[in-house]
Amino acid sequence: MRHTQPATATTVASLNTVDDETDRCVDDLKSALAVHGITLPSLCVDVPTFAGVCGRNAGLVALGNCNTETARKLITALRGTGRAEGSVLLDLDLVAAPKVVPELRRTLRACLGAPCADVQLCVTELVGNVIRHLGEGVPVTVRVARSGGRTRVEVSDPDPRALPVLRHATADDETGRGLALLDAVALRWGVEQGAAGKTVWCELAEDEPARAA
């Protein structure tokens, strides 16, 4: 007859540590998927029994089942990562809404692999402009690329008319400072208009994440 060795206090403490790490991993994965419009209700931590515990494999991320639409979104999201340095780092379609901004900022941090306060500021302001002037629920595309020693940020929306205007806010103004901040941190910025929409872009020095570290 096989006997299972009872869990010791050390084993339980180690298991709890691993579970905490796995919980954080699941939370980060949920946030990253949310930016792509992907929700997996079954995404959770699967903790094996003590008999199955081996080393640091105590906490397993259970992705669970999903329909074909979600599966296609996952494929698109995964194919959009791992690009070579000097090319597109992020090419993301999302629906403009305040709730996606925190996840978007975390995704930018993960894509650039270092603190990137200026890039986050620019993307936040450009997406915020869409929300303020076109309303929530507008589809936008966010792109971040590196080339020629610069980081280029682009936010595209389907309205070719509502153009951003740089203005100097007074002390009494509650809004209007975001584009001025973007103008201050970017090397240059502008707007590209087309029949189907517009793209507002800006360029920053590529070493910005290092300066923010």
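## Ser156 in strand E5

Ser156 sits in strand E5. The model is predicted. Ser156 is buried, because its relative accessible area is 12% and the cut-off for buried is under 20%.

Two side-chain polar contacts involve Ser156. One, of 3.0 Å, joins its side chain to that of Arg143. The other, of 2.6 Å, joins the side chains of Ser156 and Thr199. Beyond its neighbours within four places in sequence, Ser156 is in contact with Pro139, Val140, Thr141, Arg143, Lys198 and Thr199. Strand E4 spans residues 139–147, and strand E7 spans 197–205.

## Overall make-up

The protein has six helices and seven strands. Read from the N terminus, the order is α-β-β-α-β-α-α-β-β-α-β-β-α. The protein has 213 residues, and 34% of them are buried.

How are the contacts between residues at least 6 apart in sequence spread along the chain? Of these contacts, 60% join residues at least 24 apart.

## Helix H4: Val123 and Glu125

Helix H4 covers residues 117–134. Val123 belongs to this helix. Val123 is buried, with a relative accessible area of 1%. Which residues does Val123 touch, not counting those up to four places away in sequence? They are Leu104, Leu108, Val142 and Val153. Val142 falls within the span of E4, 139–147. Val153 falls within the span of E5, 150–157. Val123 and Val101 are 22 residues apart in sequence, and their C-alpha atoms are 8.8 Å apart in space.

Glu125 is also found in H4. Is Glu125 buried or exposed? Glu125 counts as buried, because its relative accessibility is 11% and buried means under 20%. The side chain of Glu125 makes a polar contact of 2.9 Å with the side chain of Arg132. With neighbours within four places in sequence left aside, the contacts of Glu125 are Arg132, Gly178, Leu179 and Leu182.

## Helix H5 and its buried side

Gly178, Leu179 and Leu182 are the buried residues of helix H5, which runs over residues 178–185. Why do they lie on the same side of H5? They cover an arc of only 95° around the axis, so they share one side of the helix.

What do the buried residues of H5 pack against? Their partners are helix H4, strand E6 (188–194) and strand E7 (197–205). On the H4 side, Glu125 is in contact with Gly178, Leu179 and Leu182.

## The cavity

How many cavities of 30 Å³ or more does a search of the whole structure find? The search finds one. The largest cavity holds about 110 Å³ of space. A general point helps here. Rolling a probe the size of a water molecule over the atoms shows where empty space is left.

The lining of the largest cavity consists of Leu126, Asn129, Val130, His133, Leu134, Val155, Asp157, Ala162, Leu163, Pro164, Lys198 and Val200. Elements that give two or more residues to this lining are H4, E5 and E7. H4 supplies the largest share, five residues. By type, the lining divides into eight nonpolar, two polar and two charged residues. Lys198, one of the lining residues, is also in contact with Ser156.

## Two glycines

Gly148 lies in the loop between E4 and E5. Gly148 is exposed, because its relative accessible area is 78% and exposed means over 50%. Gly148 and Ser87 are 61 residues apart along the chain, with 10.0 Å between their C-alpha atoms.

Gly194 has its place in strand E6. How accessible is Gly194? At 35% relative accessibility, Gly194 counts as partly exposed. Its C-alpha atom is separated by 9.2 Å from that of Pro158, and the two residues are 36 residues apart along the chain.

Methods:
Residues numbered from 1 in each chain as written. Predicted model: local features only at pLDDT ≥ 70, side-chain atom pairs only at ≥ 80, totals over all residues. Heavy atoms only, no water. Buried < 20%, exposed > 50% of the residue type's maximum accessible area, 1.4 Å probe, protein only. Helix = DSSP H or I, 4+ residues; strand = E, 2+ residues; numbered from the N terminus. Arc of directions from axis to C-beta. Contact = heavy atoms within 4.5 Å. 1 Å grid on protein atoms, 1.4 Å probe; cavity = no way out; pocket = protein on both sides within 12 Å on 5 of 7 lines; lining within 4 Å. Points joined across faces, edges and corners; volume = space filled by probe spheres on them. Nonpolar A, V, L, I, M, F, W, Y, C, P; charged D, E, K, R; others polar. Polar contact = N/O pair within 3.5 Å; in protein donor to acceptor, adjacent residues only side chain to side chain.
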